[in-house]
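Student: Could we go through this structure together? I should like to begin with how exposure is judged.
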Amino acid sequence: VTGVQTCALPICSTSGLGRGVALSLAAAGARGVLVHGTSEERGREVVASIAELAPACKVVFHKADLTQAEACKTVVPAAVEAFGLVDGLVNSAALCFPRGTLEDTTVEQWDMMFNLNARASFQVTQAATEHMKAKGIQGSVVNITGQHYGQQTYAARIGRASCRERV
């Protein structure tokens with residue numbers, strides 16, 4: 001997901017691994033990067049860092065809480081509005097706290113983690129690949145995580161990673 005033609009969506013790119021992905025895409029020559037997250041302050045910081053690092057890269061911040069299904073539907077349209085197209089998606093969102101064991105993890109904790117760690121990636125990937133197919137774009141979707149997010153979502157995350165479709 002690099003190169004001067006790339007307009008990429010690194011999901012949850014205001015901190016940690018996602019922030020590093022956003023900066024790396026810009027440094028590698030991406031034409032556009034949609035910085036995504038829930039913190040406007042951190043979003044502004046990443047946008048400023050990218051603007052300094054790669055002035056030719058158009059960078060836009062999009063705020064959305066991807067634990068909410070409706071918010072997931074806003075990410076790809078925001079990128080298309082900003083750049084005209086999307087040809088790269090990096091799913092790096094992972095909620096790892098609060099961690100729990102089988103005995104003490106609540107259904108609410110499970111739902112919050114599953115909604116971000118698995119469902120959000122599925123929904124955004126679905127929207128991105130639909131856009132790419134409709135526009136005849138051969139793009140890339142990368143699913144990664146740099147954090148240990150607990151046993152409760154391990155099986156779901158592995159299952160998600162095994163669902164692949166060539167775009």
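Tutor: A residue is called buried under 20% relative accessible area, exposed over 50%, and partly exposed in between. Please keep in mind that this is a predicted model.

Student: Then how does K63 count, at 47% relative accessibility?

Tutor: K63 counts as partly exposed, because 47% falls between the two cut-offs.

Student: Which side chain does K63 meet in a salt bridge?

Tutor: That of E40, with 3.6 Å from N to O. K63 belongs to strand β3 (residues 58–63) and E40 to helix α2 (residues 40–53), so the pair ties together parts that are 23 residues apart in sequence. E40 is likewise partly exposed, at 41% relative accessibility.

Student: How many salt bridges does the count come to?

Tutor: The count comes to 2 salt bridges. Besides the pair just described, E70 forms one with K73, where the closest N and O atoms are 3.1 Å apart.

Student: And E70, buried or exposed?

Tutor: E70 counts as exposed, since its relative accessibility is 56%.

Student: Turning to the interior, how many residues has the largest nonpolar core?

Tutor: It has 23 residues, and those with the most contacts inside it are L9, I11, L34, L66, V75 and V124. At least two residues each come from β1 (7–11), α3 (69–72), α4 (75–83) and α5 (107–135). The element that gives the most is α4, with 6 residues.

Student: What does V75 touch, leaving aside residues up to four places away in sequence?

Tutor: V75 touches L9, I11, L34, H36, H62, L66 and V124. Apart from this core lies another one, of 16 residues, and V21, L25, A30 and C57 are among them.

Student: Now α5. How many residues has it, and how far does it reach?

Tutor: Helix α5 has 29 residues and reaches 40 Å from its first C-alpha to its last, which is close to the 42 Å expected at 1.5 Å a residue.

Student: Where does α5 bend?

Tutor: At N115, by about 40 degrees. Just after α5, G136 takes a positive phi of about 70 degrees.

Student: How many aromatic pairs are there?

Tutor: The count comes to 1 aromatic pair. The ring centres of W110 and F114 are 5.8 Å apart and their planes stand at 15 degrees, so the pair is stacked.

Student: How are W110 and F114 placed in helix α5?

Tutor: They are 4 residues apart there, and are therefore separated by about one helical turn. W110 is partly exposed, with a relative accessible area of 32%, and F114 also counts as partly exposed, at 30% relative accessibility.

Terms used. Residues numbered from 1 in each chain as written. Predicted model: local features only at pLDDT ≥ 70, side-chain atom pairs only at ≥ 80, totals over all residues. Heavy atoms only, no water. Core = buried A, V, L, I, M, F, W, Y, C linked by side-chain atoms within 4.5 Å. Buried < 20%, exposed > 50% of the residue type's maximum accessible area, 1.4 Å probe, protein only. Contact = heavy atoms within 4.5 Å. Expected span 1.5 Å × (residues − 1). Bend = angle between axes of the 7 residues up to and from the residue. Salt bridge = Lys/Arg side-chain N within 4 Å of Asp/Glu carboxyl O. Phe/Tyr/Trp six-rings, centres within 6.5 Å; stacked < 30°, edge-to-face > 60°.
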